[in-house]
Amino acid sequence: LSLDCSFTCHYRCRALVQLDCSGPLAGVGDVSRGGERIPPEAECGSRRDEPSEWEKTELDRAQVEQRIREYNSQINSNLFMSLNKDGSYTGFIKVQLKLVRPVSVPATKRVPSLQAGQTGPRTQGVKRRTSFYLPKGTVKHLHILSHTRASEVIDALLRKFTVVDNPRKFALFERSEKDDQVYLRKLADEELPLRLRLLAGPSEKVLSFVLKENETGEVNWDAFTLPELHNFLRILQREEEEHVRQLRHRYAHCRQKMQEAL
């Protein structure tokens, strides 16, 4: 891997990672993924707190059925929506995980029984936690109901990745592109993502879903457990050491060039 790559994974998972970090670094605000240019996304500002007018649209059963037919006719996969007899409907949403901080997952270490001479499969489980960064651009499809709330989508995503962090640390955002600008809106817990997907249609530019940290201002460090805080400190120390190493390398290179010029 390139020295500029900061991908983090378990030691035993290294052989499973397939990344090409040999290419040039993308410029700030011009990130590419799979040949597709992603517009710059402002972290501060460029957010709208109120739903759009089309998101407030109320549909009766006939309109829902019509919208589902139009939606299914526009997609090129088998991720169709279907109308149920009770008027509800089911379908798929795609959520991109864009997490800056590491997440915690359970790690169970099996230790043999201390009873001398005992044989057999009986072991004692010791509950532990480990923290790691989810790869950037991780995407997950979820099959949900029309009455599935945003908070339930967050819970389902955390279960899929066996994340044991408090769900309140995360928030589901809707992302849209318009006039070369990217807009983000944090969904309320009671909002219905599949309804938004149906109203917006299948276009990812009109609407997509992103899971991010629930930024509420200052970080409430008291909400983290001691193992999590220790892991954060170790990760910060490694990042600081790597940053210092890169700075020293850069200055040493400049110093060498100037000495050659002299």
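Q: How far apart are the end C-alpha atoms of helix H1 (residues 61-74)?
A: This is a predicted model, in which local features need pLDDT of at least 70 and side-chain atom pairs count only at pLDDT 80 or more, while totals for chains, interfaces and linings use all residues. Residues are numbered from 1 along each chain as its sequence is written, and side-chain values use heavy atoms, with hydrogens and water left out. Helices (DSSP runs of H or I, at least four residues) and strands (DSSP runs of E, at least two residues) are numbered from the N terminus, and the expected span of a helix is 1.5 Å times one less than its number of residues. For the 14 residues of H1 that expectation is 20 Å, and it agrees with the distance between the end C-alpha atoms, which is 20 Å.

Q: Within what arc do the buried residues of H1 fall?
A: Val64, Ile68, Tyr71 and Asn72 of H1 are buried, where buried means under 20% relative accessible area, exposed over 50% and partly exposed in between (1.4 Å probe, protein chains only). The arc is taken from the directions that run from the helix axis to the C-beta atoms. Seen down the axis, these buried residues line one face of the helix, because they fall within an arc of 95°.

Q: Which exposed residues does the face of H1 turned away from its buried side carry?
A: The buried residues of H1 are covered by elements that include strand E3 (82-83), strand E4 (89-97) and helix H3 (193-200). The face turned away from that buried side carries the exposed residues Ala62 and Ser73.

Q: Which residue in helix H3 meets Glu58 in a salt bridge?
A: A salt bridge is a side-chain nitrogen of Lys or Arg within 4 Å of a carboxyl oxygen of Asp or Glu, and a search of the whole structure finds 12 of them. Glu58 is exposed, with a relative accessible area of 64%. It lies in the loop between strand E2 (36-38) and H1, and its partner is 137 residues away in H3. Their side chains meet at 4.0 Å, N to O, and the partner is Arg195.

Q: How many residues apart in sequence are the parts that Asp189 and Arg168 tie together?
A: The side chains of Asp189 and Arg168 meet in a salt bridge (2.8 Å, N to O). Asp189 counts as partly exposed at 31% relative accessibility, whereas Arg168 is exposed at 53%. Asp189 lies in the loop between strand E9 (181-186) and H3 and Arg168 in the loop between helix H2 (150-160) and strand E8 (170-178), so the parts tied together are apart in sequence by 21 residues.

Q: Which backbone oxygen lies 2.9 Å from a polar atom of the side chain of Arg197?
A: Arg197 is found in H3 and is buried, with a relative accessible area of 2%. Leaving out residues up to four places away in sequence, Arg197 touches (heavy atoms within 4.5 Å) residues including Tyr71, Phe92 and Phe209. The backbone oxygen 2.9 Å from the polar side-chain atom is that of Leu207.

Q: Which element gives the largest share of the largest nonpolar core?
A: A nonpolar core is a set of buried Ala, Val, Leu, Ile, Met, Phe, Trp, Tyr and Cys residues joined through side-chain atoms within 4.5 Å. The largest one has 33 residues, and those with the most contacts inside it include Ile93, Val95 and Val153. Elements that give two or more residues to this core include H1, E4, H3 and strand E10 (208-213). The largest share, 6 residues, comes from H2.

Definitions and conventions
A polar contact is a pair of N or O atoms within 3.5 Å; within protein, one must be able to donate a hydrogen and the other to accept it, and residues adjacent in sequence count only if both atoms are side-chain atoms.
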